[in-house]
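Trainee: Could you take me through one part of this structure in close detail, namely the salt bridges and the residues that form them?

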Amino acid sequence: CPTTSIGNIPIMQIRQNMSESLDLAGASLGACEVGLLAHYLAINRSLTQLDFSNNALDQNMKAALGNALLANPFRPVQYVLCDDWSVVQSTVEVELSGKQLLPGDALLLAGVLKGNKRVKSVNVGNNSIGPVGASKLVASLKVNRSVTSLDASSNDLQQDGAVQLAD
């Protein structure tokens, strides 16, 4: 695993909270780089925007990044671009119904929503986010009160996920 850079971005810049935006588009991120990045995202105070487009992040990578954002007590990250979906500065409604989202997508989305104050509506209906994805979305929305509408219908939530959404 690299210890001085992720793609073309110096780790020192991330560690020392020197940047608000991190452009990793096309950086060929692998599991090792994502693991290292997740470690620093959990404590970073300055990054508000992450671009992961053209990286083919798998579900484990998305889950690691999402869990890191959820663990961050400072909630700085508000915007993410990835190959399957994005939340950008102009996003008020997140419309992801039927996009074949899986639990890792839901975790990354939950991590972004935790710090985002612009989004008012989220539709993740007709996907496969599962009970873990649903519980992470619920947890992030307990912190973020700006989202007033959540549609998670037609997901494989089982009883645990459905109960958490009802709360």
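Mentor: A salt bridge is counted here when a side-chain nitrogen of Lys or Arg lies within 4 Å of a carboxyl oxygen of Asp or Glu. In this model, which is predicted, Lys62, Asp84 and Asp105 are linked in a network of such salt bridges, and the structure holds two salt bridges. One of them joins the side chains of Lys62 and Asp84, with an N to O distance of 2.4 Å. Because Lys62 belongs to helix α3, which covers residues 59–71, while Asp84 sits in the loop between β5 (79–81) and β6 (86–87), this pair ties together parts that are 22 residues apart in sequence. The side chain of Lys62 also meets that of Asp105 in a salt bridge, here at 2.7 Å from N to O. That contact links distant parts of the chain, since Lys62 is in helix α3 and Asp105 is in helix α4 (residues 103–115), 43 residues apart.

As for the surroundings of the three residues, Lys62 has a relative accessibility of 2% and therefore counts as buried, the cut-off for that class being under 20%. Asp105, at 3% relative accessibility, likewise counts as buried, whereas Asp84, at 47%, counts as partly exposed. Taken together, the network brings the buried Lys62 into salt bridges with the partly exposed Asp84 and with the buried Asp105.

Notes: Residues are numbered from 1 along each chain as its sequence is written. This is a predicted model: local features need pLDDT of at least 70, side-chain atom pairs count only at pLDDT 80 or more; totals for chains, interfaces and linings use all residues. Side-chain values use heavy atoms; hydrogens and water are left out. Helices (H or I, at least four residues) and strands (E, at least two) are DSSP runs, numbered from the N terminus. Buried means under 20% relative accessible area, exposed over 50%, partly exposed in between (1.4 Å probe, protein chains only).
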